[in-house]
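Subject: Structure handover

Hi,

Here is the structure I promised to pass on. Please open it first, then read my notes below.

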Amino acid sequence: MQILTRSIPLFITAVAGVVMILSAFFPYTSDWGKFAGQFFNILAAFAFVLGGGNLLKLHLKKISDQRPGWAYSGVVLVCFIVTLFVGLMKIGAYPNPTYPNVHFSGETQGSGSMFWWFYEYVFKPLTSTMFAMLAFYVASAAFRAFRAKNFEAILLLGTAFIVLLGRTFAGVLATGWIPPDSAFSGLRLENLSVYVMQVFNTAGTRAIMIGIALGIASTSMKIILGIDRSFLGSGD
Amino acid sequence: MRMSTIQTTLLATAVCASAGVQVVLGSSTTSWLAPPEAPTNLVANDLPWDGGGTVQIDWTASATPEDQLKGYEILAHELSVTPQEQAVETDEQADRAAAQQTESLLEGEGIAPEDARRQAELSTPTFATPPEDVSEWDSLGIIPAVQTTYQATGLNKDGVYIFKIRAIGLEGEFSAPTAASGEIRPVAAFFNGRKLPLLITLALIAAAVFIFIVLARRGMPMRIRKIAGLEAVDEAVGRATEMGRSILYINGIQDMDDLQTVAGVTVLGHVAKTAAEYDAKIEVPTARSLVMTAARESVQSSYFSAGRPDAYNPDLIYYVTDEQFGFVAYVSGMMTREKPAACFYMGSFFAESLILAETGNSVGAIQIAGTANPSQLPFFVAACDYTLIGEEFFAASAYLSGQPDQLGSLKGQDVGKILVGIVIIIGVTLATLQAITGSDSLEAAVNYLVNVLLGS
Amino acid sequence: MSSSVSEPMTSAQRAIWAIVCLVIVLIVVARSFVGHGMGRVYVEPKPMDFVAEVSESADGESASTVDWKQLPPTEFAAYVAANPGTETISWVEYDQVPPRSYFAQETAGGGPIVFSWPRTIGLWLAAFFTLAIFSFLYRDNPFYKFAESVVVGVSAGYWMVVGFWDTIVPNLLQRLLPAFSKEYLTPGMELPAGGFDMVNLVFLIPLVLGLMLVCRLLPKCGWMSLWPLAFIVGTMAGLRMVSYIESDILVQTKETVIPLYVQGDNTSSTFMLVWTTIWSSLAQILLVIGVLACLVYFFFSVEHKGAVGKTARVGIWYLMITFGAAFGFTVMGRIALLAARVEFLFDDWMWLIDPMQQREFITASVGLLF
Amino acid sequence: MIKLLENLDRRWIFLAMALCVSVPILVIGLTGVTFPETPTPLAEAFFAEVDRAGEANGRQANVLIALDYDPASAGELSPMSASLVNQCAQRGHRMYFISLWPVGPQMIDDSIQKVIKRFYPELVYGKDYVNLGFKAGSEQVIKVMGVDLTAEFRTDVEGTMLSEIPMMEGITSLEDFDLIAEISAGYPGSKEWVLYAATQYDIPLVSGMTGVQAPQNYPYYPTQMQGLLGAIKGAAEYEFIVNAYVRENIVRKMLVKNGIDDETSRTLASDLDQIPTWTTTAAAASMTPQAKADLIDAATGATPGEFLEGQRRMGPQLFAHLLMVLLIILGNVIFFAQRRRGGSA
């Protein structure tokens, strides 16, 4: 088991990592990199299957255990299976006009198909409304969490104000009286917000990026060399 | 290498401006009205040490003076193979045929393998004759008359090209084109020389990390500064024990291929160990099934090393759903019901950071967060008691594990930062001196640093 | 801070909420009886008719080939009448049209545009789901739980379907089963010479790894998923190591190598020249100082004391400004998303506003509101 | 008062936010009035980069348009895509649509339906624009496309082989594109395009993104990313520039079509307000009354609502931002009042 669960995976990791690094420098090996990339993309599609399988397993268990709210698990399952069936079978999808005799030749999400209907009237409103809820949470967080506790917090809030006001018409209203070509035009809110973004934000973000890149480089190296193997399930 | 459009425009304007003077002054002569002389000695070569697709073109300037020229137009034509050859050329057989030819050439003439391959490939197909009329050729652009060299980029690596060049007078009249260059295939070199600085940087950073890991394994003490957020872990776990409530640990919402998730699992190991020592309950809902597996392994070994294997309960570490907002909806609901005393958010977070931190705040938990996603940091910084910012988060996993390997790699990263700092300080000093003095040699030094050492 | 969410509401507050809900319901009910109603979708049918054109192969040995030709509806009827026994394929596609076109057709007295039941039901369902999710803001409730279950189920299925048709079929099946794919799935593909390209056998590797990944679902075979996981982590590590060093270290360092002194560009007066010189030089100086100070903050080998501590503190200031900017921008984004949802409710569903000029503007609905 | 605010139920805040967003939408929707936009240099750079695509290579530009977002972020990003497609179509660029997000193909479809089908019906699928659809694999897809585009994209979204699509001729890798225009909602998105395409192959890249991403992408501008649109504000500014450009271009084309010489058309198109008076002058005598009416309509008529989405949304944005500022101030007033009383914070 040790070979199957440790040695071989570590070997695969090392080979895959080294191939990707080499393909960046040696054009003749870029084909290897290409294959590795294509394999990865296919695996990424298989990962969706794994996700779906996990979902099925979890909710079937909930239903069979009759846990509280198991009826909702039933809703999840029905929706999952119907979407899957409608999409894989291309129910109601029109074939490609060049090959009208081949049922599967058309666009999966083509307008008018059942799958498109699910997207347009179920998936789209639900996910975008979920996301839109954040506007409300942001407001409540602003009221409760953003406190000028110390100098650092004041800097954070001050910048947030400049950006919030400078990026709308409020900025023009508040500081529009400063002539645009005078010595103090930089103090107009809309210009100030650009200045803050290009100087302070760029400096901070740049340092964060350099730091993270170093962190990623060293973690990657540890992974490829087999020093860091926590992703295989344990720290040692 | 590409010249910016602004520069080109400026040059063109400058050329035009001087031309205006010329027209007024030289109105008695009519030399500028006649088409300019053609440039000569056109030579095209595949650029060595590149990733392919680039051809270096050199020529001797036209006899017409520079200030009477608008520039040179570079013309390229990709040769198409004649129909009967096309069938062969399209698949692997062509490569095989070329390889055989290469071998025979290598045996016979002893030339460099790369050139041999190119020649072999060139000699196999016969090409359709290029059009006589240069207007049917592709124009790669017009470059200022002061230049006598050009790099044609973005060509098809497998294509075969010939080039011509012609001068353009101030009124847009063309000289006769030069004779066509030889047939060039812009092949990829064995090593992409333009990436050499990158390779050196990579080697330096990798070496620094590696050396410090080795030193650490040999027992050299590695001192790392205190990380404020981590000092609070014990406090948070202690408080949870006192209050008799649970600890919630969220490992981000990305899968194990994200390095932040990996770092989060390492931190989880430490938190779980503290929890085991204090006998506090720790709950870990995950958004990915693979993360659940890794988290179980990690927590289990922590309970073992804390000497409390009996207290380990795998059911408290469970998978919820991959869907971002589905996961958040579940976790926030759970938080309102169970009111954990301490919440840890360690990993890759997106929009859900705010919902989690908000809900955690509303149930009055001590919150410690760590992420390298800068967009989510403000919410964590504002709503949590402690936040590990960016690289600190990666460092935390190393710091907590206390393993010599991890600490060594942290030192290696610091070497990287010193290097970056030194390069910036030297570069900025040179550039500033150059800007003040306007010295040419300093300018050359800055250009070398920026364009060669730090890549194109 | 203690939570106020769980505190019971006073009856006055309840009353206000009830009134808010009542007003919304009233508007919706009234709106559906005014003018052309609301939330209806109209479509225009577009017949698609094809006939088979059989051409005998030249040598008479291999099978004859069938080409499908699309004909306009008028020609199609004539063609079928003229050539009985021809194979035909027909279906009708529907294009959504703005309600304006339907109203115009009604006034003109007839035309092809029809009311679409499936799409209208869909639109009302979408509106229901939107409101169901928003209802969570008041409190957790069955409508929300239902909507949440639906989104989990549909999204998981959606991803699988798209992954299958857009990646598995063209990049795996077409390579491993070319003949099958051409026959049933992607008739447009070119078959490789000899029906199969041996190079593509290499794609058995991702197939096997993919199946091993799915083995995670089986209790005894969980370990098999470690191999594809190792592959995923390995390629990602290799890819990211190189590109992050190039893009985020080399290029970002290069971008920071800038002169601290910049000549101003406003030459209208000496004062403005000096002023803009100071202003733009200051920007460069602040930028360089910021990058260096933040790097010091991220330096782990030295304690934050003395000079290092002071520099690190400057670094924190920069980071806080960065976070403030990030906060401001995030807020912008979230509000735009909410605005889009509200526009959906007001425009597509309730037909209260009409920014895209899809309908005749109904003043009656305006009167209802103001 | 403070006591009341301390225990304020957050549902009141939610209600305030709902009103701040919905009332301006209603008012703007009914009146059609939007706030004036003043474009910042970033939006102008974005426009200019798209405008000059292909010039360096002296050909009709091949623009790779990557729409990497989903309906959840469409509120911020669809105005950007609409204007981007509008500009490319007007400028005559060839458009290659792809997406790295599973629901991206729908976003592509929306843009095609909303802009190309409606306002540029003369453009031909397969010749002027093509929809290559979605591919799983995030940055790996970009990486493979850099080497060999056809290895990753074998068919278009309808299942037609690329070899049968005329505009795919000569397109083998990322390097064959003159510009990458990218609209991004997260990962994979602008950062990945910078890392794996723009930096590696030195291809001009312009990117529109959600507000969340904008601050992290500022350091890439202008070297690795030649244009950047951040959040709905960026969208509104860009929309404003493109609308002006499109209007000017249409008017100029109309004038040239009616036999007015190039020079005059250009001057007239650059100052649209004078068109109505100009049509009454002798210079316009050659035009038919119908042509004149069309011209005046093109010059001064209302912009289609599709291309005002971003500017419309700046209304609710303003009031919501003011609410946010107010809430933060209010929150801090309570905080300091509590602290003075000695309560714990």
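First, a term: helices (H or I, at least four residues) and strands (E, at least two) are DSSP runs, numbered from the N terminus. This is a predicted model, in which local features need pLDDT of at least 70, side-chain atom pairs count only at pLDDT 80 or more, and totals for chains, interfaces and linings use all residues. Residues are numbered from 1 along each chain as its sequence is written, while chains are lettered from A and ligands numbered from 1 in the order in which they are written.

Confidence

The model has an ipTM of 0.80 and a pTM of 0.81. For single residues, look at pLDDT, the predictor's confidence in each residue, from 0 to 100. Its average over chain D is 86, and 98% of the residues there score at least 70.

Chain B

Start with B:Thr371. It is found in strand 11 (residues 366-371) of chain B. Is B:Thr371 buried or exposed? A residue is buried if 20 or more other C-beta atoms lie within 10 Å of its own, exposed if 12 or fewer, and partly exposed in between; C-beta atoms are placed from the backbone. B:Thr371 has 26 C-beta neighbours inside 10 Å, so it counts as buried. Next, contacts: two residues are in contact if their C-beta atoms, placed from the backbone, lie within 7 Å. Leaving out residues up to four places away in sequence, B:Thr371 touches several others, including B:Gln260, B:Phe349 and B:Phe393. B:Arg166 is 205 residues from B:Thr371 in sequence, and their C-alpha atoms are 57 Å apart.

Chain B also has an open sheet of 3 strands, in the order 1-2-5, with antiparallel pairing. Strand 1 (40-46) and strand 5 (149-152) of chain B stand at the edges with a single partner strand each, so one side of each has no neighbour in the sheet. Two strands pair if DSSP finds at least two bridges between them. Strand 2 (residues 55-60) and strand 5 of chain B are joined by 4 bridges in the antiparallel sense. In one of these, B:Ile57 has B:Tyr150 of strand 5 as its bridge partner.

Chain C

Here, strand 1 (residues 42-55) and strand 2 of chain C run antiparallel, joined by 7 bridges. C:Phe50 stands opposite C:Gln70 in strand 2. How many of the 7 residues in strand 2 (residues 65-71) of chain C are buried? The count is 0, and the strand is hardly covered.

Contacts with chain A

Chain C gives 112 residues to its contact with chain A, which gives 115. On the chain C side, helix 5 (residues 142-176) gives the most, with 24 residues.

The contact between chain D and chain A takes 47 residues from each chain. Helix 14 of chain D supplies the largest share of the chain D side, 14 residues.

Domains of chain D

Chain D is divided into domain 1 (1-33 + 304-339), domain 2 (41-241) and domain 3 (258-301). Such bounds come from an automatic or database domain assignment. The C-alpha centres of domain 1 and domain 2 of chain D lie 33 Å apart. Their contact takes 8 residues from domain 1 and 13 residues from domain 2.

Best wishes
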